[in-house]
Amino acid sequence: MLPIERPKAFNNCSASSPKRWWLILACLLALAGCNEESLYSMLDETQANEVQAALLREQIDARKVAAQDGEHWMVTVDRAAIPRAMAVLREQGLPRTRTTSIGQVFEKKGFVSSPLEERARYHYALSQELAGTLMEIDGVVSARVHVALPEAQVLDENQDSASVSVVMIQEPDVDLSPYETDIKAIVTDGIEGLDDVNRVTVKFFNRRESPPMPAPQQPDNTLTVDTWMVWSAAAGALGLCLLAAAITAWVRRPARVLAPSVVENRS
């Protein structure tokens with residue numbers, strides 16, 4: 001009989017070898033991850049958190065994943081949930097557009113700055129200082145102060161007075177309007193050249209209450225799901241079974257018969 005020799009590569013991936021099961025597991029995980037799609041991929045962490053929170057409130061499974069550049073984030077959802085997820089984000093105006101502050105526009109980068117840059121940085125620092133003071137008041141969610149200082153003219157005796165606009169965002173159940181006079185006094189005394197308290201405008205807005213989380217639904221005998229999700233789940237399960245069967249058949253393929261290496265010579 002001809003001797004049967006099994007290749008060494010086959011012995012390394014035998015039916016009882018752990019490598020075989022690791023290979024099957026890696027393939028199954030890769031196939032399972034292919035059902036997710038990225039909604040947005042160039043978000044900062046705040047935007048990604050807002051998008052993920054909004055989707056989770058609507059019971060849409062969303063994951064926040066770091067982008068490849070290491071500076072941005074992306075949010076992924078199941079492929080079948082993309083239309084509903086986009087409708088939810090469009091309704092809530094997410095992700096919010098990133099704005100650039102005056103401090104970032106006139107960021108000091110060189111040794112010499114123009115008078116316009118110095119003036120813009122002074123306005124920005126002054127508004128931030130006043131906003132930080134107003135944020136210390138109980139019930140304030142956020143405060144924005146916009147300062148308009150007229151450019152000083154040496155020979156002009158009748159210079160325009162400065163003006164300030166203050167926006168106060170309150171907690172949902174808080175009313176700070178009785179403190180409007182006090183807020184105007186704080187701003188007037190904190191800005192040089194602002195002598196008229198009537199040049200200060202204060203507007204109050206309440207932050208909208210967060211919607212309550214939906215209560216967990218009690219299981220019942222009737223299960224209503226989207227037809228597309230059913231077909232997607234069935235196709236995914238079928239694909240996993242076919243992949244597992246193909247890998248098993250490849251591992252258990254019959255051994256190759258090799259010709260004998262030594263032939264006996266008849267005398």
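The following paragraphs describe the fold, the sheet, a helix pair and three individual residues of a predicted model.

In this predicted model, the protein contains eight helices and six strands, and these elements succeed one another along the sequence in the pattern α-α-β-α-β-β-α-α-α-β-β-α-β-α. Of the 267 residues in the protein, 21% are buried, and the accessible surface amounts to about 20100 Å², with carbon and sulfur atoms contributing 55% of that area. When contacts with a separation of 6 or more are considered, 65% of them are accounted for by residues that lie 24 or more positions apart.

Three strands form an open sheet with the order 1-3-2, in which the pairing is antiparallel. Strand 1 (36–43) and strand 2 (62–66) are the edge strands, each of them pairing on one side only, and the twist from one strand to the next averages 25°. In general terms, the strands of a sheet pair through hydrogen bonds of the backbone, in either a parallel or an antiparallel manner. Strand 2 and strand 3 (residues 73–78) run antiparallel and are joined by five bridges; in strand 3, V77 is the bridge partner of A62.

Two helices are associated with these strands. Helix 3 (residues 45–57) lies across strand 1, strand 2 and strand 3, and runs at about 165° to strand 2. Helix 4 (residues 82–92) also packs on the sheet, where it touches strand 1 and strand 3, and its direction makes about 30° with that of strand 1.

Two residues of the edge strands illustrate the surroundings of the sheet in detail. E37, which lies in strand 1, has a relative accessibility of 32% and therefore counts as partly exposed, since that category falls between the limits of 20% and 50%. Its C-alpha atom is separated by 5.4 Å from that of T76, although E37 and T76 are 39 residues apart along the chain. With neighbours within four places in sequence left aside, E37 is in contact with V75, T76, V77, R79 and I82. K64, found in strand 2, is likewise partly exposed, with a relative accessible area of 26%. The C-alpha atoms of K64 and V75 are 4.7 Å apart, while the two residues are separated by 11 residues in sequence. Beyond its neighbours within four places in sequence, K64 is in contact with E45, A48, N49, Q52, W73 and M74.

A further packing arrangement involves helix 6 (residues 115–134) and helix 7 (residues 180–190), which pack at an angle of about 150° with their axes 11 Å apart. Because angles over 145 degrees count as roughly antiparallel, helix 6 and helix 7 are described as roughly antiparallel to each other. The crossing in which helix 6 passes helix 7 is right-handed, and the contact is made by L126, L130, T133 and L134 on the side of helix 6 and by I183, I186, V187 and G190 on the side of helix 7.

Helix 6 is also the location of H123. With a relative accessible area of 15%, H123 is buried, because this value falls under the 20% limit. When residues up to four places away in sequence are not counted, H123 touches V147 and L149.

Definitions and conventions
Residues are numbered from 1 along each chain as its sequence is written. This is a predicted model: local features need pLDDT of at least 70, side-chain atom pairs count only at pLDDT 80 or more; totals for chains, interfaces and linings use all residues. Side-chain values use heavy atoms; hydrogens and water are left out. Helices (H or I, at least four residues) and strands (E, at least two) are DSSP runs, numbered from the N terminus. Buried means under 20% relative accessible area, exposed over 50%, partly exposed in between (1.4 Å probe, protein chains only). Contact means heavy atoms within 4.5 Å. Accessible areas come from the Shrake-Rupley method with a 1.4 Å probe; for residues, only the protein chains shown count as cover. Two strands pair if DSSP finds at least two bridges between them. Axes are lines fitted to C-alpha atoms, for helices over the stretch in contact, and angles run from 0 to 180 degrees between N-to-C directions. Angles under 35 degrees count as roughly parallel, over 145 as roughly antiparallel, 65 to 115 as roughly perpendicular and the rest as oblique. A crossing is left-handed if the near helix is turned anticlockwise from the far one by less than a right angle, and right-handed if clockwise.
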